[in-house]
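Hi everyone, thanks for making time for this. Please have the sequence and the 3D view open on your screens while I talk, and stop me whenever something is unclear.

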Amino acid sequence: MTRRATDNTKALDAFIAAKTEIDAMLERLAALSADHFETSPDEINWGHVGTLNHYRAKLREITDMAFNEGEHAE
């Protein structure tokens with residue numbers, strides 16, 4: 001009995017599409033960070049700190065999953 005080769009073209013296309021979208025999001029975030037999240041030192045208030053901490057928490061969740069760290073550590 002012979003096995004048919006698995007055609008993963010659709011999965012590969014979906015993977016590349018997701019990766020491309022992630023790359024674009026990371027590029028936009030890096031640019032926003034380089035611009036200090038569109039703030040100047042004179043404008044910074046606790047609202048900005050809270051927003052940035054929220055962004056950081058979401059990114060930490062992602063990096064913990066990707067790198068098996070934090071609650072996702074093995």
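Phe37 sits in the loop that runs between α1 and α2. Keep in mind as we go that this is a predicted model. What is the phi of Phe37, a residue that is not a glycine? The value is positive, about 55°. Most residues other than glycine have a negative phi. On accessibility, Phe37 counts as partly exposed, because its relative accessibility is 28%, and the partly exposed class runs between the 20% and 50% cut-offs.

Another residue goes with this one. Asn68 is found in the segment after α2, and its phi, near 55°, is positive too in a residue other than glycine. With a relative accessible area of 39%, Asn68 is partly exposed.

Let's go back to Phe37 for a moment, since it also helps to line a pocket. The second largest pocket has Phe37 in its lining, together with His36, Thr39, Ile44, His48, Val49, Thr51, Leu52 and Tyr55. Its volume is about 150 Å³. How many residues of each class line the second largest pocket? Five are nonpolar, four are polar and none is charged.

Now to the largest pocket, which holds about 210 Å³ of space. Around it you will find Ile22, Met25, Leu26, Leu29, Leu59, Ile62, Thr63 and Ala66. Which elements give two or more residues to this lining? They are α1 and α2, the second of these spanning 46-67. By class, this lining has seven nonpolar residues, one polar and no charged.

Please keep those names in mind for the next stop, the surface. Ile22, Met25, Leu26, Leu29, Leu59 and Ile62 form a nonpolar patch there, and together they have about 530 Å² of accessible area. Both α1 and α2 supply at least two residues each to the patch, but α1 gives the most, with four. Take Ile22 as an example: this residue is found in helix α1. Is Ile22 buried or exposed? The answer is in between: at 44% relative accessibility, Ile22 counts as partly exposed.

Staying with α1, let's look at charges. The structure holds one salt bridge. In that bridge the side chains of Lys19 and Asp23 meet, at 2.6 Å from N to O. Where do the two partners lie? Both are in helix α1, which covers residues 9-34, and they are four residues apart, about one turn of the helix. If you trace the helix on your screen, you can go from one partner to the other along that turn. Lys19 is partly exposed, with a relative accessible area of 40%. Asp23 falls in the partly exposed class as well, at 35% relative accessibility.

My last stop is Met65, whose place is in helix α2. Met65 has 48% relative accessibility, so it counts as partly exposed, since exposed would need over 50%. How far is Met65 from Ile16, in sequence and in space? The two are 49 residues apart in sequence, and their C-alpha atoms are 19 Å apart in space.

That's my tour, and I'm happy to take questions.

Definitions and conventions: Residues numbered from 1 in each chain as written. Predicted model: local features only at pLDDT ≥ 70, side-chain atom pairs only at ≥ 80, totals over all residues. Heavy atoms only, no water. Salt bridge = Lys/Arg side-chain N within 4 Å of Asp/Glu carboxyl O. Buried < 20%, exposed > 50% of the residue type's maximum accessible area, 1.4 Å probe, protein only. 1 Å grid on protein atoms, 1.4 Å probe; cavity = no way out; pocket = protein on both sides within 12 Å on 5 of 7 lines; lining within 4 Å. Points joined across faces, edges and corners; volume = space filled by probe spheres on them. Nonpolar A, V, L, I, M, F, W, Y, C, P; charged D, E, K, R; others polar. Patch = residues over 30% accessible without salt bridge, like charges linked within 9 Å, V, L, I, M, F, W, Y side chains within 5 Å. Areas by Shrake-Rupley, 256 points an atom, 1.4 Å probe, with all protein chains shown as cover.
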